[in-house]
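Work through the exercises below with the sequence and the 3D structure at hand, and try each task before reading its solution.

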Amino acid sequence: MLWISTGVFVVVVAMLVRAVLRGRRTNDDLDKRTIGWGEPFIAIAGVLVPVLILGGVYLFSLGQMNALSTVGAEAKMKIDVIGHDWWWEVRYPNGAITANEIHIPVGEVVRLNLTTADVIHSFWVPELQVKQDQIPGHDNSLWISADEPGRYRGQCAEFCGLQHANMVVTVVAEDRDAYDTWVAAEARPASTVASDGADIFMSSSCAGCHAIRGTEATGQLGPDLTHVASRTTIAGVLDNTPTNLARFVADPQTVKPGVTMPPTELSPEEVDAVVQYLESLR
């Protein structure tokens with residue numbers, strides 16, 4: 001389609017240039033043999049050629065769309081992706097749960113089951129596939145496949161509110177052995193290590209909104225934090241470092257204004273203790 005559009009663009013510009021040059025001449029200067037070509041030229045160039053081009057592209061696109069749907073039907077791996085304001089929940093068949101990050105094995109077709117917990121979102125990773133809407137009360141699906149290892153940035157493509165631009169997802173494509181190791185580790189419950197930070201987390205509102213499998217924290221409003229330290233980003237927009245994590249825990253509104261999570265009521269010392277605990281969840 002790019003090369004067809006380029007060819008049409010070049011032809012149109014050439015005709016515009018010729019029209020400008022011819023417009024500077026009088027009728028007496030024109031070649032009498034070319035005057036009679038006006039109406040046939042308009043019919044051919046303005047009607048017949050566009051019909052052939054657009055019709056051909058349409059038929060070609062139908063074939064490609066059919067081929068894409070056939071590939072998706074062959075997917076053996078399925079992952080649930082739920083859109084939230086303004087983050088992505090990712091659930092694997094073995095019980096692994098993460099947020100804003102999808103791991104897939106290289107060279108394999110993966111089907112994503114797309115739903116939403118609130119408003120309309122649209123899942124889009126431009127380097128891997130077309131976008132697909134996530135509509136309340138309706139299940140959609142999309143398949144993705146990465147030919148090479150790497151990190152592929154995705155984005156919500158349907159305006160969903162104040163932090164729509166920061167609703168980012170990353171697809172991590174890795175070889176099968178690395179993927180198997182990662183997904184098995186993600187499915188395990190958190191290692192329970194007694195600490196002041198763990199006690200503060202469990203006794204505060206944190207445990208009411210977030211889940212940490214293997215502990216008393218079973219909240220469902222925010223992302224599952226069972227292995228939060230193994231993720232590369234915080235809220236999809238900050239590098240996962242202790243400093244950034246402390247910033248987000250203390251006041252997430254400075255990072256994503258309008259998010260459901262309110263500023264914390266913890267003291268700076270308590271925030272540091274909670275961050276140390278979260279950093280141990282790998």
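Four exercises follow, each with a worked solution.

The model is predicted, so local features need pLDDT of at least 70 and side-chain atom pairs count only at pLDDT 80 or more, whereas totals for chains, interfaces and linings use all residues. Residues are numbered from 1 along each chain as its sequence is written, and side-chain values use heavy atoms, with hydrogens and water left out.

**Exercise 1. The nonpolar patch**

Task: Find which residues make the nonpolar surface patch, and which helix gives the most to it.

Solution: Begin with the rule for a patch, which takes residues with over 30% relative accessible area and no salt bridge, joining nonpolar side chains (Val, Leu, Ile, Met, Phe, Trp, Tyr) within 5 Å and like charges within 9 Å. Accessible areas come from the Shrake-Rupley method with a 1.4 Å probe, and for residues only the protein chains shown count as cover. The patch of about 700 Å² is made by Ile4, Val8, Val11, Val12, Met15, Leu16, Phe41 and Ile42. Next, look at the elements, where helices (H or I, at least four residues) and strands (E, at least two) are DSSP runs numbered from the N terminus. Those that give two or more residues to the patch are helix H1 (2-23) and helix H3 (38-73), and H1 gives the most, with 6 residues. Finally, take Ile4, which is placed in helix H1: its relative accessible area is 40%, so Ile4 is partly exposed (buried means under 20%, exposed over 50%, and partly exposed in between, with a 1.4 Å probe and protein chains only).

**Exercise 2. The sheet**

Task: Give the order of the strands in the open sheet of 5 strands, and name its edge strands.

Solution: Two strands pair if DSSP finds at least two bridges between them. The order is S4-S10-S9-S6-S7, with mixed pairing. The edge strands, each pairing on one side only, are strand S4 (101-105) and strand S7 (132-134). Within the sheet, strand S9 (residues 150-156) and strand S10 (residues 168-174) pair in the antiparallel sense over 6 bridges, and Gln155 has Val168 in S10 as its bridge partner.

**Exercise 3. Salt bridges**

Task: State how many salt bridges the structure holds, and explain why the pair of Glu108 and Arg176 ties together separate parts of the sequence.

Solution: A salt bridge is a side-chain nitrogen of Lys or Arg within 4 Å of a carboxyl oxygen of Asp or Glu, and the structure holds 5 of them. In one of these, the closest N and O atoms of Glu108 and Arg176 are 2.7 Å apart. Glu108 lies in the loop between S4 and strand S5 (110-116), while Arg176 is in helix H4, so the pair ties together parts that are 68 residues apart in sequence. Another salt bridge joins Arg282 and Glu279, at 3.6 Å from N to O; here Arg282 is exposed at 58% relative accessibility, whereas Glu279 is buried at 19%. Salt bridges that share partners also join Glu108, Arg176 and Asp180 into one network.

**Exercise 4. His84**

Task: Decide whether His84 is buried or exposed, and list its contacts outside its neighbours within four places in sequence.

Solution: His84 is found in strand S1 (residues 77-84). Its relative accessible area is 10%, so His84 is buried. Leaving aside neighbours within four places in sequence, His84 is in contact (heavy atoms within 4.5 Å) with Glu89, Ala117, Asp118, His121 and Met167. Of these partners, Glu89 also forms a salt bridge with Arg91, with the closest N and O atoms 2.7 Å apart.
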